[in-house]
Amino acid sequence: MASLILLKQKATVAMALSLANDKNLSLKVKNREIEQDYYKNLIQNLTQETLYKNIWIQLFDEDINTLYRSWSHKHGDNLSNMRADLRRVARDKKVIYSISAAKFNLSLKAMVPLFIKDEFIGIVEVISHFNSISKELKKSDIDSVVVLNKEYTKQLEEPFTKLFIGEYYIANFDAPKELMEIMQRDSVESYFTKEHKIVDDMVVSSYELKGADGNLFGHYVMFKKIDSISSLDLEYFMFKWLTFGIVFVMSITILVSTMLFFANRRQKEYFYNIINSSTNIVVVSDTRSIIYANEMFFKYFSRYKTLQEFKQNHKSISEFFVKEEAYLQVDMNGVGWVLYMIENSKELHKVKLDIFGKVYCFSIGASKLSGANNHYAVVLSDITEQEIYKKELELLSTTDELTNIGNRRYFERKLKEEISRASRYNYPFSLVMFDIDHFKAVNDNYGHAIGDEVLKEYSRLVDSHLREADLLCRVGGEEFMVILPYTQKDHAKEIAEKLRTKIESHKKIISITMSFGVVEFEKDDDFESIYKRVDDALYSAKRNGRNMVIVG
């Protein structure tokens, strides 16, 4: 039973993934285009390509507002407060499939996030039901009654099948009426058991229907007449009922699996087409080598035409990893990179690959394949352009536009980092604050254009006389800061004095002088305290005549 439900869930996920890979659909979701005929054709194509004829889809924007429902013209309502599973998809940007109960039915659902490049723009949900499963079991003379727990029956507004046993809703259309009457006679709850039993010359077994979060939504109750089971010794069964129950379920599973093999061949080919049409790299690995790679893999590793050619020279894509902070490495604190992603699945992982001299950035995720020993699916999405743009934005946000040195935001971040490291590892560093003496007079007498040239010229001068590890930032109009790692205040004073004399003798653009305050990091300092102390030292230099260095 579990394998049949899992098969149906995977089929539902595959259909949702095929919709998510439709670029036209993603564009329509982003642009909020509601075209009923277009969506109906999508559903019709899915039903033609699969064994499942009862498929419903629902589309949401990035805020979980409904854009389209295949069963209703109603849209525009927000489901974020009603659907925890949709909130998870919007938050984690990952595929979720589950069994759940809503206001219409007990159903199987698959939810897939929609992206345009790296931008999350919405969610597509595919909904299917248990009827195809009960039809497959019927071919083996097994009748089914799919029962929704009564606490969820209360929330049904428009029951899909309109079938009930007392307070219990029945979720499959072909549930035999006589079996429903027997269940009502004996009490429905008595059939919710993991143990097999005999009822009115029938073998009965039950399977729990649980959601992704472990919630028990209902039970799949199966009936098979004893006289339809060949070579059954009933007396022996009554004596060894548990053993028979196990054999019975295994036999039915094998029988149904065999029957489905040929029927699902076309469906499997369809799933492979979905994977090969993906714009992402998809590989299957056993953590030692690659077992499968889709067509997109060879667009990046273009030296090779087949996986066999690739494996003659390389065992894994990890051979192409670039060692860089914030990106995934082959060894992550003693754990292999694939297992590390599995153990930290809630984190967003990135990897940088140098593929034959060209560097790419990918977002990367991994999941263990069910039914396979230590086989993992790894998906890589190209985010190279986004990473370049992100770095450009970061540079713009941390660089002073006029002088091209660090700005105040960058200084505050780096000073807090330096305080944290110095506190942890107990090493010295000093902070120097300086500004241009009488800079207002420079702007008043020469104009702001000359004032800007002064700031640029003397920033370059100061920066050229600092060590590589030192950091110069502009924190105000004419105010500057220098962080001096591994430097005690006596040495910092010497550096500041050297800078002061260089500035005084430079005399480019116009002749200026600067005043300096110097402090050394102390054990209990935080950002505010050390900033205040260096500011007080600079103020003291100003108050005592300017063009001097004061140590605080």
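This tour goes through a predicted model, stop by stop, with a suggestion of what to select at each one.

**The whole chain**

Begin with the entire chain shown as a cartoon, where the secondary structure comes to 19 helices and 23 strands. If you colour by burial, buried residues make up 47% of the 552 residues in the chain. Switching to a surface shows what the chain exposes, about 29200 Å², of which carbon and sulfur atoms supply 51%. Among contacts between residues at least 6 apart in sequence, 56% join residues at least 24 apart.

**The hairpin of β1 and β2**

Select residues 55–61 and 66–69, which are strands β1 and β2, paired in the antiparallel sense over 3 bridges. Within this pair, F60 stands opposite T66 of β2. The hairpin has 4 residues between its strands, and one residue to pick out here is I64, which takes a positive phi near 65°. For background, most residues other than glycine have a negative phi.

**The antiparallel sheet, β6 to β11**

Next, show the open sheet of 6 strands, whose order is β7-β8-β6-β11-β10-β9 and whose pairing is antiparallel. At its edges stand β7 (163–165) and β9 (197–199), each with a single partner strand, so one side of each is left without a neighbour in the sheet. From one strand to the next, the twist averages 35°.

Zoom in on β6 (residues 143–148) and β8 (residues 168–170), which run antiparallel and are joined by 2 bridges. To see one of these pairings, select L148 together with Y169, its bridge partner in β8.

Now add the helices that meet this sheet. Helix α5 (residues 131–138) lies across β6 and β11 (216–225), and runs at about 20° to β11. Helix α7 (residues 177–186) packs on the sheet as well, touching β6, β7, β8, β9, β10 (202–210) and β11, with a direction that makes about 30° with that of β7.

**The largest nonpolar core**

Which residues have the most contacts inside the largest nonpolar core? Select F297, F301, W337, L353 and L380, which hold that position in a core of 31 residues. At least two residues of this core come from each of several elements, including the strands β12 (281–285), β13 (290–293), β16 (349–355), β17 (358–368) and β18 (376–382), and the helices α11 (295–300), α12 (307–313) and α13 (337–343). Centre the view on F297 and, leaving aside neighbours within four places in sequence, you will find F297 in contact with I281, V283, I290, F310 and I317. A second, separate core has 27 residues, among them L455, Y458, F480 and A492. As a general point, nonpolar side chains in soluble globular proteins tend to be buried together.

**Two cysteines**

Select C361 and C473 in turn. C361 counts as buried because its relative accessibility is 6%, below the cut-off of 20%, and C473 counts as buried because its relative accessibility is 0%. The count of disulfides in the model comes to 0.

**The mixed sheet, β19 to β23**

Move on to the open sheet of 5 strands in the order β20-β21-β19-β22-β23, where the pairing is mixed. Its edge strands are β20 (471–474) and β23 (549–551), each of which pairs on one side only. Neighbouring strands of this sheet are turned by 20° against each other on average, direction ignored. Strand β22 (residues 514–520) pairs with β23 in the parallel sense over 3 bridges, and F516 stands opposite V549 in β23.

Two helices can then be switched on. Helix α18 (residues 489–506) packs on the sheet and touches β19 (429–436), β21 (479–485), β22 and β23, its direction making about 170° with that of β22. Helix α19 (residues 527–543) also packs on the sheet, with contacts to β19, β21, β22 and β23, and its direction makes about 145° with that of β22.

**Two loop residues to finish**

Where is H438 found? Select the loop between β19 and α16 (439–446), which holds H438, a residue with a positive phi of about 55° although it is not a glycine. H438 counts as exposed because its relative accessibility is 51%, over the cut-off of 50%. Last, select I509 in the loop between α18 and β22; I509 has a positive phi of about 65° without being a glycine, and is partly exposed, with a relative accessible area of 44%.

Key. Residues numbered from 1 in each chain as written. Predicted model: local features only at pLDDT ≥ 70, side-chain atom pairs only at ≥ 80, totals over all residues. Heavy atoms only, no water. Core = buried A, V, L, I, M, F, W, Y, C linked by side-chain atoms within 4.5 Å. Buried < 20%, exposed > 50% of the residue type's maximum accessible area, 1.4 Å probe, protein only. Contact = heavy atoms within 4.5 Å. Disulfide = S-S within 2.5 Å. Areas by Shrake-Rupley, 256 points an atom, 1.4 Å probe, with all protein chains shown as cover. Pairing = 2+ DSSP bridges. Axes fitted to C-alpha atoms, helices over the stretch in contact; angles between N-to-C directions.
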